[in-house]
Amino acid sequence: MEYTIQKLARLAGVTTRTLRYYDKIGLLKPARINSSGYRIYGQNEVNLLQQIMFYRELGLQLETIKEIIHDPSFNRKNALKEHLQQLIAKRKQIDLLIEIVKKTIKHEEGRIQMSDQEKFEGFKKRLVEENEKKYGDEVRERWGEEALEASNQKVLNMSQENYEKVTKLAEDVNQTLAKAMETGDPASEIAQRAADLHKQWLTFYWKEYSKEAHAGLAQMYVDDERFKAYYDKVKPGAAEFLRDAILVYTGQKQ
């Protein structure tokens with residue numbers, strides 16, 4: 001089945017302006033242009049648009065999505081399986097938060113007692129899941145399963161005060177990184193401040209800190225598209241800039 005740009009926009013719940021922009025940047029081009037000059041989309045384009053929207057839901061930037069879906073090795077079936085796993089994980093987190101909200105309501109109504117630790121349980125479990133997603137393979141490869149488990153337990157046992165600190169630190173890292181990029185110099189004072197904040201943030205997750213591990217993690221931010229996309233949401237090129245700042249900070253780069 002074929003669709004005009006208006007029909008495809010209605011089908012997908014996006015605007016025709018969005019589809020025209022996707023065409024302009026080479027993300028999603030129509031199958032053909034008809035004799036009247038209208039964009040015509042086929043089944044392949046419908047499938048690609050669905051994939052683009054999945055990736056957008058996961059927070060990836062358009063340029064990153066373009067690189068992924070137009071890579072010759074891209075496999076739609078494998079990508080869908082990966083999306084499914086990520087959505088299942090997200091649903092579990094939402095279900096957990098729903099239960100905590102219900103429990104908090106009962107606590108407010110005086111029907112049950114709820115400790116301060118319990119109030120933050122869902123958020124800390126989310127941090128553990130994110131920690132596993134971002135650093136799990138790296139930690140296992142370098143220090144083994146025991147180190148990863150110790151890191152997870154450190155988060156789960158985190159006090160309310162420390163939870164608030166680490167949440168604020170994550171925001172501070174990104175805000176400082178964005179300002180540091182304006183200098184264009186990873187060795188600048190503010191860039192080194194961003195690297196130091198990143199180190200402070202890491203210490204809430206890692207059992208032990210080392211400069212070598214910090215530098216290795218920074219390189220992984222650039223090499224792995226998922227992590228690169230996370231930091232590049234701050235500003236394009238942020239992953240590379242943070243890596244360079246951390247390399248200077250850890251003495252790996254002069």
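**Asking how the labels are earned**

Reader: What does glycine 237 touch, leaving aside residues up to four places away in sequence?

Author: Glycine 237 touches Met181 and Asp232 once those neighbours are left out. Please keep in mind that this is a predicted model.

Reader: Where does glycine 237 lie?

Author: Glycine 237 is in the loop that runs between helix 12 and helix 13. In space, its C-alpha atom is 9.3 Å from that of valine 222, a residue 15 places away along the chain.

Reader: Why is glycine 237 called partly exposed?

Author: Its relative accessible area is 29%. Buried would require a value under 20%, and exposed a value over 50%. Since 29% falls in between, glycine 237 counts as partly exposed.

Reader: And what makes histidine 198 buried?

Author: Here the relative accessible area is 0%. That is under the 20% limit, so histidine 198 is buried. The residue is found in helix 10, which spans residues 189-203.

Reader: Which residues does histidine 198 touch, not counting those up to four places away in sequence?

Author: Histidine 198 touches Val173, His214, Leu217, Tyr221, Tyr231, Leu242 and Ile246. As for alanine 218, it is 20 residues from histidine 198 in sequence, and their C-alpha atoms are 10.0 Å apart.

Reader: How do you know that the side chains of histidine 198 and tyrosine 221 make a polar contact?

Author: The distance between them is 2.9 Å. A polar contact needs N or O atoms within 3.5 Å, one able to donate a hydrogen and the other to accept it, so the pair of histidine 198 and tyrosine 221 qualifies.

Reader: Let's turn to helix packing. Why are helix 11 and helix 13 called roughly antiparallel?

Author: Helix 11 (residues 211-223) and helix 13 (residues 238-249) pack at an angle of about 165°, and their axes are 8 Å apart. Angles over 145 degrees count as roughly antiparallel, and helix 11 and helix 13 therefore get that label. Their crossing is left-handed. On the helix 11 side, the contact is made by His214, Ala215, Ala218, Gln219, Tyr221 and Val222. Helix 13 contributes Ala239, Glu240, Leu242, Arg243, Ile246, Leu247 and Tyr249.

Reader: What makes helix 1 roughly perpendicular to helix 2?

Author: The axes of these two helices come within 9 Å and cross at roughly 110°. Roughly perpendicular covers 65 to 115 degrees, so helix 1 and helix 2 fit that class. The contact involves Ile5, Gln6, Leu8 and Ala9 of helix 1 with Thr16, Leu19 and Arg20 of helix 2. This crossing is right-handed.

Reader: How do you know that the buried residues of helix 1 are on the same side?

Author: In helix 1 (residues 5-12), the buried residues are Ile5, Leu8 and Ala9. Around the axis they cover an arc of only 100°, which puts them on the same side of helix 1. They pack against strand 1 (3-4), helix 2, strand 3 (39-41) and helix 3. The face turned away from that buried side carries Arg10 and Leu11, which are exposed. Just after helix 1 comes glycine 13, with a positive phi of about 75°.

Reader: What about helix 4: how do you know that its buried residues share a side?

Author: The buried residues in helix 4 (residues 62-69) are Leu62, Thr64, Ile65 and Ile69. Their arc around the axis is only 155°, which places them on the same side of helix 4. Among the elements covering them are helix 2 (16-24), helix 3 (43-57) and helix 12 (225-232).

Reader: Why is helix 3 called oblique to helix 4?

Author: Their axes come within 10 Å and cross at roughly 135°. That is above the perpendicular range, which ends at 115 degrees, and below the antiparallel one, which needs over 145, so helix 3 is oblique to helix 4. Helix 3 passes helix 4 in a right-handed crossing. Leu48, Gln51, Ile52, Tyr55 and Arg56 of helix 3 meet Leu62, Ile65, Ile68 and Ile69 of helix 4.

Reader: How many helices and strands does the protein chain have?

Author: The protein chain has 13 helices and 3 strands. Of its 254 residues, 38% count as buried. Among contacts between residues at least 6 apart in sequence, 61% join residues at least 24 apart.

Definitions and conventions
Residues numbered from 1 in each chain as written. Predicted model: local features only at pLDDT ≥ 70, side-chain atom pairs only at ≥ 80, totals over all residues. Heavy atoms only, no water. Helix = DSSP H or I, 4+ residues; strand = E, 2+ residues; numbered from the N terminus. Buried < 20%, exposed > 50% of the residue type's maximum accessible area, 1.4 Å probe, protein only. Contact = heavy atoms within 4.5 Å. Arc of directions from axis to C-beta. Axes fitted to C-alpha atoms, helices over the stretch in contact; angles between N-to-C directions. Parallel < 35°, antiparallel > 145°, perpendicular 65-115°, else oblique. Left-handed = near helix turned anticlockwise from the far one by under 90°.
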